[in-house]
Amino acid sequence: MEYAERLHVPLRWWVQGTMMIASLWLALIVAIPGAAAWAITGAAALVLAAGFLAYGARVTVAGGELHAGRAHVPLEHVGTAEPLDADATRALAGVDADARAYLVLRPYLKRAVRIEITDQADPTPYWLVSSRRPAELAEALTRAAAAPRMSDPAAG
């Protein structure tokens with residue numbers, strides 16, 4: 001495994017969700033029987049937790065592939081990987097965006113990596129992937145994508 005990162009939701013979302021569930025419980029406990037209030041609140045808490053867990057994405061560079069969210073691409077089709085700061089990420093996700101790009105963006109992560117896709121058969125020009133450590137992800141992609149080319153006898 002060259003690189004692995006889980007883009008889980010931040011702790012503040014869990015705190016705010018807990019407060020929302022507590023508010024729901026308080027509204028229900030005064031209006032309906034206690035058992036029903038607890039059952040509804042418990043179900044809402046499970047739905048909230050499942051949503052938060054599902055919303056996170058996994059980014060890995062391993063086994064000759066880049067996985068980001070539900071998609072993957074062989075490293076042989078990965079070109080340059082550029083770490084972006086918050087302003088560059090915002091621009092590339094907004095006014096400078098290409099509608100064909102594959103995005104794995106999370107609103108709670110302000111930085112990302114722009115990953116060029118070199119496969120001529122793929123209409124996707126680049127992937128834009130949120131990361132807490134964009135420089136490390138870009139470095140891992142550069143290192144992993146270059147490794148097969150260096151060991152390829154035809155390349156030398």
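Start by selecting strand 3 and strand 4: they make a hairpin with two residues between them. Zoom in on the turn and check G69, where phi is positive, at about 65°. Keep in mind as you click around that this is a predicted model.

Now show the backbone of both strands, residues 65-68 for strand 3 and residues 71-74 for strand 4. The two run antiparallel, with four bridges joining them. To get the register, pick E65 and look across to strand 4: P74 stands opposite.

Next, turn on the side chains of strand 4. Which of them are buried? A71 and V73 are, and they point to one face. H72 and P74 point to the other face and are not buried. That's the usual pattern: in a regular strand, side chains alternate between the two faces of the sheet.

Leave the hairpin and jump to T124, in the loop between strand 7 (112-117) and strand 8 (126-130). Is T124 buried or exposed? Its relative accessibility is 14%, so T124 counts as buried, the cut-off being under 20%. To see what surrounds this residue, select R100, A101, Y102 and I117: these are its contacts once neighbours within four places in sequence are set aside.

Time for the rings. The model has seven aromatic pairs. Take W13 and F52 as your opening stop: the pair is tilted, with 5.9 Å centre to centre and 50° between the planes. W13 sits in helix 1 (residues 11-29) and F52 in helix 2 (residues 34-55), so this pair ties together parts 39 residues apart in sequence. Colour by accessibility and you'll find W13 partly exposed at 23% relative accessible area, while F52 is buried at 14%.

Stay with these helices and select W25 and W38, another tilted pair, 5.3 Å centre to centre with 50° between the planes. Here too the pair links distant parts of the chain, with W25 in helix 1 and W38 in helix 2, 13 residues apart. What about their accessibility? W25 is partly exposed, with a relative accessible area of 27%, and W38 counts as exposed at 53%.

For the last stop, select W13, W14, F52, Y55 and Y108 together: ring pairs link them into a cluster. Then add R106 and centre on Y55. R106 lies over the face of that ring, 4.6 Å from the ring centre.

Notes:
Residues numbered from 1 in each chain as written. Predicted model: local features only at pLDDT ≥ 70, side-chain atom pairs only at ≥ 80, totals over all residues. Heavy atoms only, no water. Buried < 20%, exposed > 50% of the residue type's maximum accessible area, 1.4 Å probe, protein only. Pairing = 2+ DSSP bridges. Contact = heavy atoms within 4.5 Å. Phe/Tyr/Trp six-rings, centres within 6.5 Å; stacked < 30°, edge-to-face > 60°. Lys NZ or Arg CZ within 6 Å of the ring centre and 35° of its normal.
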